[in-house]
Structures are given as C-alpha cells and as structure tokens.
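I opened a new page in my notebook for this one. My plan is to pick a residue, look around it, and then step back to the whole chain.

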Amino acid sequence: MDYQRVEGGREYLARLEHGRDWRGQIEAFADAEGIDAAVFFGLGAVQDATLYFYDQEEQEYHPDEFDEPFEVTAAVGNISHLGEGRSSSGERFAHTHVTLSRADGSAVGGHLESATTFAGELYVREFDAHLEREHDDVTDLELWPL
Ligand code: ZN
C-alpha cells in the first residue's frame with residue numbers, strides 16, 4: 001500500500017443543482033474553488049444514471065444506462081487531476097461511486113459516469129495536496145501516485 005500524509009484544508013457543504021449533471025457540477029465546483037485534492041460524500045436523488053463497471057479481465061469500462069429515477073442512498077468520491085497521458089490532461093476529475101435505490105428498495109451501484117440531479121447534498125473535505133493520477137500498468141487504470 002502506498003500512502004501520503006496530508007493536512008486537512010477547507011471544508012464545504014454544497015447543494016447540488018436540479019437538472020445538472022451530478023459529477024460535472026462537482027468538477028465545476030472544484031475548478032471554481034481551485035481544489036486539487038479532496039474527498040466527498042453526499043446523498044440525494046437523480047432522474048437517470050449511467051454507471052460504469054470495470055471488467056478486470058478485459059480492463060475496460062462497460063456502461064450501464066438507467067433511464068429512471070433513483071434515490072442516491074450514498075455517493076462517495078474524491079477529487080484529483082487526471083494525468084498527463086490523457087487527452088483531458090490535467091483536468092479535475094471527481095471519481096464518484098454510488099448506490100442508487102428504487103421505489104421497491106432494490107438497488108444498483110457502481111462507478112458513476114453521469115446522472116441528472118433531482119436534488120443533492122454534499123460534504124467536501126479538501127486536502128493540502130496536489131494529486132495527479134498516473135497510469136498503472138497492472139490495472140490499466142489511472143491511479144494516485146502516492
Ligand atoms: Zn471508479
């Protein structure tokens with residue numbers, strides 16, 4: 001396990017905007033505030049969702065699109081920069097995982113690509129660090145170089 005000691009920075013409470021993309025507005029917020037490393041958690045509801053599942057054999061993401069309303073029972077994630085090796089080099093990325101529930105209590109979950117926010121509340125904890133993802137050959141993922 002690699003790790004790095006970090007000092008806590010600013011803390012935020014945020015209300016996500018109705019009709020906007022859940023992850024996109026977290027990234028826009030991080031851009032506006034100049035956040036280079038953070039963790040967050042939140043809850044709320046979305047009107048649809050696209051989840052990605054990472055196939056460990058193929059080392060590829062497979063999308064799953066849901067065109068239905070969900071409760072966001074839990075959203076957890078972190079904010080850092082994408083590495084230089086990508087077309088979106090240096091951009092802030094809100095790595096977000098969610099569990100989404102239906103009216104009957106059943107749930108789906110995974111890596112959140114996008115979702116139209118119905119309502120959402122977020123807690124964000126910034127760290128005094130600059131995290132930039134780097135390509136990892138073993139997993140073929142962009143991971144933290146700590
Ligand atoms: Zn993920």
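**Entry 1: starting at a histidine.** I began with His111, which sits in strand S7. A reminder to myself: this is a predicted model. Is His111 buried or exposed? I looked up its relative accessibility and got 9%, so His111 counts as buried, the cut-off being under 20%.

Next I listed what His111 touches, skipping residues up to four places away in sequence. The list holds Thr50, Leu51, Tyr52, Tyr61, Phe93, His95, Thr96 and His97. The side chains of His111 and His97 also share a polar contact of 3.5 Å.

**Entry 2: the zinc ion.** Which protein residues are donors of the zinc ion? I found His95 and His97, each through NE2, and His111 through ND1. These donors lie 2.0 to 2.1 Å from the zinc ion. Along the chain, their spacing reads H-x1-H-x13-H. I noted that His95 is in strand S6 and His111 in strand S7, 16 residues apart, so this pair links distant parts of the chain. I checked the cover on His95 too: its relative accessibility is 21%, so His95 counts as partly exposed.

**Entry 3: another histidine.** I wanted to see a histidine elsewhere, and I chose His135 in strand S9, which runs over residues 134-136. How far apart are the C-alpha atoms of His135 and His111? I got 18 Å, with their positions 24 residues apart along the chain. His135 has a relative accessible area of 41%, which means that His135 is partly exposed. Its side chain makes a polar contact of 3.2 Å with the side chain of Asp137. Beyond the neighbours within four places in sequence, His135 is in contact with Asp140, Leu141 and Glu142.

**Entry 4: the nonpolar core.** Time to look inside. The largest nonpolar core has 25 residues, and the members touching the most others are Trp22, Ile26, Ile79, Leu100 and Val124. Which elements give two or more residues to this core? I wrote down helix H1 (22-33) and strands S1 (8-16), S2 (38-46), S3 (49-55), S5 (70-81), S6 (92-101), S7 (107-114) and S8 (117-127). My lecture notes fit in here: in soluble globular proteins, nonpolar side chains tend to be buried together.

I then zoomed in on Ile79. Leaving out neighbours within four places in sequence, Ile79 is in contact with Ile26, Ala30, Ile35, Asp36, Ala37, Ala38, Phe40, Phe93, Ala94 and Val124.

**Entry 5: stepping back.** How many helices and strands does the protein have? I counted one helix and ten strands. Read along the sequence, the pattern is β-α-β-β-β-β-β-β-β-β-β. The radius of gyration is 15 Å, close to the 15 Å from the globule rule for 146 residues, so the protein is as compact as a globular protein of that length. The C-alpha trace spans about 40 × 40 × 30 Å along its principal axes.

Last few numbers before I close the page. Of the 146 residues, 38% are buried. Taking contacts between residues at least 6 apart in sequence, I found that 67% join residues at least 24 apart. The accessible surface comes to about 8,600 Å², and 48% of that belongs to carbon and sulfur atoms.

Conventions. Residues are numbered from 1 along each chain as its sequence is written. This is a predicted model: local features need pLDDT of at least 70, side-chain atom pairs count only at pLDDT 80 or more; totals for chains, interfaces and linings use all residues. Side-chain values use heavy atoms; hydrogens and water are left out. A nonpolar core is a set of buried Ala, Val, Leu, Ile, Met, Phe, Trp, Tyr and Cys residues joined through side-chain atoms within 4.5 Å. Buried means under 20% relative accessible area, exposed over 50%, partly exposed in between (1.4 Å probe, protein chains only). Helices (H or I, at least four residues) and strands (E, at least two) are DSSP runs, numbered from the N terminus. Contact means heavy atoms within 4.5 Å. Donors are N, O and S atoms within 2.8 Å of the metal (3.2 Å for Na, K and Ca); water is not among the atoms, so sites may look incomplete. A polar contact is a pair of N or O atoms within 3.5 Å; within protein, one must be able to donate a hydrogen and the other to accept it, and residues adjacent in sequence count only if both atoms are side-chain atoms. The radius of gyration is taken over C-alpha atoms; the globule rule is 2.2 Å times the number of residues to the power 0.38. Accessible areas come from the Shrake-Rupley method with a 1.4 Å probe; for residues, only the protein chains shown count as cover.
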